[in-house]
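These are my notebook entries on a single protein chain. I record what I looked up, entry by entry.

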Amino acid sequence: MADSHDGLFRVTGQAGSFHSPHVRTGELVLEMPGQKGDLIGALTAARLLRVADCMLAPGRAAHFEEVQERIWAPAMARADGMLGGVFTRLRDDHSDARYLVATGWRDQDAHDAYQREQVPALV
């Protein structure tokens, strides 16, 4: 990134816009299908992107992954307005148990309805 990213950063005038950017990469654990099928389809239509940054307690990764696959992903897939998403495990120098869950939603109202109507039944 030092070659192309830094040059683009300077040319676009972003130098004064933010400080301390952090870039992480991760591996796909689970595709979260929705009304658009996948994250790319979801992002082209979404008016809301929800990103959950999850830092787990030691020894809880296997349980967390299992619950995402068995409970949360199916519930989101049934939600009206959930367009698609991904469940990823981040590569992080400080932890082996950090995840991002990114989902695209038709709009804020669709996400609010999911939280209000479906989440309470899952816990």
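With which side chain does the side chain of T103 make a polar contact? I looked this up and found the side chain of W105, at 2.9 Å. I note here that the model is a predicted one.

**Entry on T103**

I then located T103 in the chain. T103 belongs to strand β4, which covers residues 98–105. I asked next whether T103 is buried or exposed. T103 is buried, and its relative accessible area is 0%; the cut-off for buried is under 20%. I also listed the residues that T103 touches, leaving out those up to four places away in sequence. They are M32, L48, L49, R50, M76, M82, G84 and G85.

**Entry on aromatic pairs**

How many aromatic pairs does a search of the whole structure find? The search gives four. I examined the pair of F87 and Y99, whose ring centres are 5.2 Å apart. Their planes stand at 10 degrees, so I recorded the pair as stacked, since planes under 30 degrees apart count as such. F87 sits in strand β3 (residues 82–90) and Y99 in strand β4, so the pair ties together parts 12 residues apart in sequence. Both F87 and Y99 are buried. I noted further that F87 and Y99 form one aromatic cluster together with F64.

**Entry on the order of elements**

I turned to the chain as a whole. Its secondary structure consists of five helices and four strands. Reading from the N terminus, I wrote the order down as α-β-α-β-α-β-β-α-α. Strand β4, where I had placed T103, is one of these four strands.

**Entry on overall values**

I looked up the extent of the chain along its principal axes. The C-alpha atoms fill a box of roughly 50 × 35 × 20 Å. What share of the 123 residues is buried? I found 32%, and T103 is among the buried residues. For contacts with a separation of 6 or more, I found that 73% join residues 24 or more positions apart.

**Entry on surface and charge**

The accessible surface of the protein chain comes to about 8,000 Å². Carbon and sulfur atoms hold 53% of that surface. Last, I looked up the charges and found 13 positive and 17 negative ones. The mean positions of the two sets are 3 Å apart.

Key:
Residues are numbered from 1 along each chain as its sequence is written. This is a predicted model: local features need pLDDT of at least 70, side-chain atom pairs count only at pLDDT 80 or more; totals for chains, interfaces and linings use all residues. Side-chain values use heavy atoms; hydrogens and water are left out. Helices (H or I, at least four residues) and strands (E, at least two) are DSSP runs, numbered from the N terminus. Buried means under 20% relative accessible area, exposed over 50%, partly exposed in between (1.4 Å probe, protein chains only). Contact means heavy atoms within 4.5 Å. Accessible areas come from the Shrake-Rupley method with a 1.4 Å probe; for residues, only the protein chains shown count as cover. Lys and Arg count as positive and Asp and Glu as negative; His and the chain ends are not counted. The place of a charge is taken as NZ of Lys, CZ of Arg, CG of Asp or CD of Glu. A polar contact is a pair of N or O atoms within 3.5 Å; within protein, one must be able to donate a hydrogen and the other to accept it, and residues adjacent in sequence count only if both atoms are side-chain atoms. Rings of Phe, Tyr and Trp (its six-membered ring) pair if their centres lie within 6.5 Å; planes under 30 degrees apart count as stacked, over 60 as edge-to-face and the rest as tilted.
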